[in-house]
Amino acid sequence: MPVLAICPHCYKTINVERTAKLACPDCGEEFGFAELQKNKLLVDPRVEARELSSAKNHFVNADFAGAYGHFKKALDANLNSYTAQYFVALCDIYLHETNKSFDVMNGIVSMTRNALTVMSRSNAPVADKLTFIKAMLSDVKIIVTRRLASRDKLFDSDIEAYRKVSIADLEKLLEL
């Protein structure tokens with residue numbers, strides 16, 4: 001009976017049999033089932049689904065610390081869970097965005113880049129990926145808008161400083 005795993009060479013999600021010698025259908029590299037177990041590259045879809053469900057319940061109730069923990073467990077169950085990867089980073093942004101030393105814009109770039117990298121390795125249908133990208137961009141818009149609006153007092157008191165800080169922040173997003 002095939003199980004989901006992550007190829008130790010190309011990192012794509014693949015179906016494998018529980019046999020000693022395997023070959024990745026994407027990159028052709030050979031490896032063994034024991035190597036997948038040793039490197040924690042087997043996917044546990046039941047644990048992933050359970051943890052994602054718990055995480056979403058915490059997230060909608062704005063319990064970002066609780067959600068972070070469950071999304072992290074979902075990611076541990078499937079290293080190619082782009083949803084879990086994204087929400088771990090999103091929760092981190094929400095938990096730290098008011099901290100002066102936390103760079104929100106770099107967090108957004110990292111969150112987006114990492115989620116898209118992991119998404120490219122998953123075996124999810126294209127329609128699901130497009131839906132995810134639209135939702136992610138909507139979240140990015142909300143965070144950026146909120147970040148810029150948080151400087152309303154600076155805008156009222158020193159428009160030049162406001163422009164300088166805001167443009168510097170927005171320039172970080174050019175990578176997107």
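**Entry 1. Arginine 18**

I began with arginine 18, which sits in the loop between strand 2 and strand 3 (22-23). The model is a predicted one, and I read every value below with that in mind. I looked up whether arginine 18 is buried or exposed. Its relative accessible area is 58%, so arginine 18 is exposed. Setting aside neighbours within four places in sequence, I found arginine 18 in contact with Val3 and Phe33. I also took a distance to glycine 107, which is 89 residues away in sequence. From C-alpha to C-alpha, arginine 18 and glycine 107 are 39 Å apart.

**Entry 2. Overall layout**

I then went through the whole protein. I listed eight helices and four strands. Read from the N terminus, the order is β-β-β-β-α-α-α-α-α-α-α-α. Along the principal axes, the C-alpha atoms fill a box of roughly 70 × 30 × 30 Å. Of the 176 residues, 40% are buried. I also checked contacts between residues at least 6 apart in sequence, and 50% of these join residues at least 24 apart.

**Entry 3. Strand 1, strand 2 and tyrosine 11**

I looked at how strand 1 (residues 3-6) and strand 2 (residues 13-16) pair. They are antiparallel, with four bridges. For leucine 4, the bridge partner in strand 2 is asparagine 15. The hairpin of these two strands has six residues between the strands.

Tyrosine 11 lies in the loop between strand 1 and strand 2. I noted its phi, near 65 degrees, as a positive value in a residue other than glycine. Most residues other than glycine have a negative phi. I put tyrosine 11 down as partly exposed, because its relative accessibility is 41%.

**Entry 4. Helix 2 against helix 3**

Next I took helix 2 and helix 3, whose axes come within 8 Å and cross at roughly 165 degrees. The two helices are therefore roughly antiparallel to each other. The crossing of helix 2 past helix 3 is left-handed.

I listed the residues that meet across this pair. On the helix 2 side they include Val47, Glu51, Ala55, His58 and Phe59. On the helix 3 side they include Phe64, Ala67, His70, Phe71 and Ala74.

I picked alanine 55, in helix 2, for a separate look. Its relative accessible area is 0%, so alanine 55 is buried. Beyond residues up to four places away in sequence, alanine 55 touches Ala67, His70 and Phe71. The C-alpha atoms of alanine 55 and alanine 67 are 4.3 Å apart, with the two residues twelve apart in sequence.

In the loop between helix 2 and helix 3 I found alanine 62. Its phi is near 60 degrees, again a positive value in a residue other than glycine. With a relative accessible area of 49%, alanine 62 is partly exposed.

**Entry 5. Nonpolar cores**

I asked which residues have the most contacts inside the largest nonpolar core. They are Phe59, Phe71, Tyr86, Leu90 and Ile108, in a core of 35 residues. I traced the elements that give two or more residues to this core: helix 2 (45-60), helix 3 (64-77), helix 4 (82-96), helix 5 (104-121) and helix 6 (126-149). Helix 4 supplies the largest share, ten residues.

I followed isoleucine 108 further. Not counting its neighbours within four places in sequence, isoleucine 108 is in contact with Ile93, Val140, Ile143, Val144, Leu173 and Leu176. Apart from the largest core there is another, of 13 residues, including Ile6, Ile14, Leu36 and Leu41. In soluble globular proteins, nonpolar side chains tend to be buried together.

**Entry 6. Helix 6 against helix 8**

Last, I looked at helix 6 and helix 8 (residues 159-172). They pack at an angle of about 160 degrees, and their axes are 11 Å apart. That angle makes helix 6 roughly antiparallel to helix 8, with over 145 degrees as the cut-off. Helix 6 passes helix 8 in a right-handed crossing, whereas helix 2 passes helix 3 in a left-handed one.

For the contacts, I wrote down Val144, Arg147 and Leu148 from helix 6. They meet Tyr162, Ser166, Asp169 and Leu170 from helix 8. Val144 also appears among the contacts of isoleucine 108.

Notes: Residues are numbered from 1 along each chain as its sequence is written. This is a predicted model: local features need pLDDT of at least 70, side-chain atom pairs count only at pLDDT 80 or more; totals for chains, interfaces and linings use all residues. Side-chain values use heavy atoms; hydrogens and water are left out. A nonpolar core is a set of buried Ala, Val, Leu, Ile, Met, Phe, Trp, Tyr and Cys residues joined through side-chain atoms within 4.5 Å. Buried means under 20% relative accessible area, exposed over 50%, partly exposed in between (1.4 Å probe, protein chains only). Contact means heavy atoms within 4.5 Å. Two strands pair if DSSP finds at least two bridges between them. Axes are lines fitted to C-alpha atoms, for helices over the stretch in contact, and angles run from 0 to 180 degrees between N-to-C directions. Angles under 35 degrees count as roughly parallel, over 145 as roughly antiparallel, 65 to 115 as roughly perpendicular and the rest as oblique. A crossing is left-handed if the near helix is turned anticlockwise from the far one by less than a right angle, and right-handed if clockwise.
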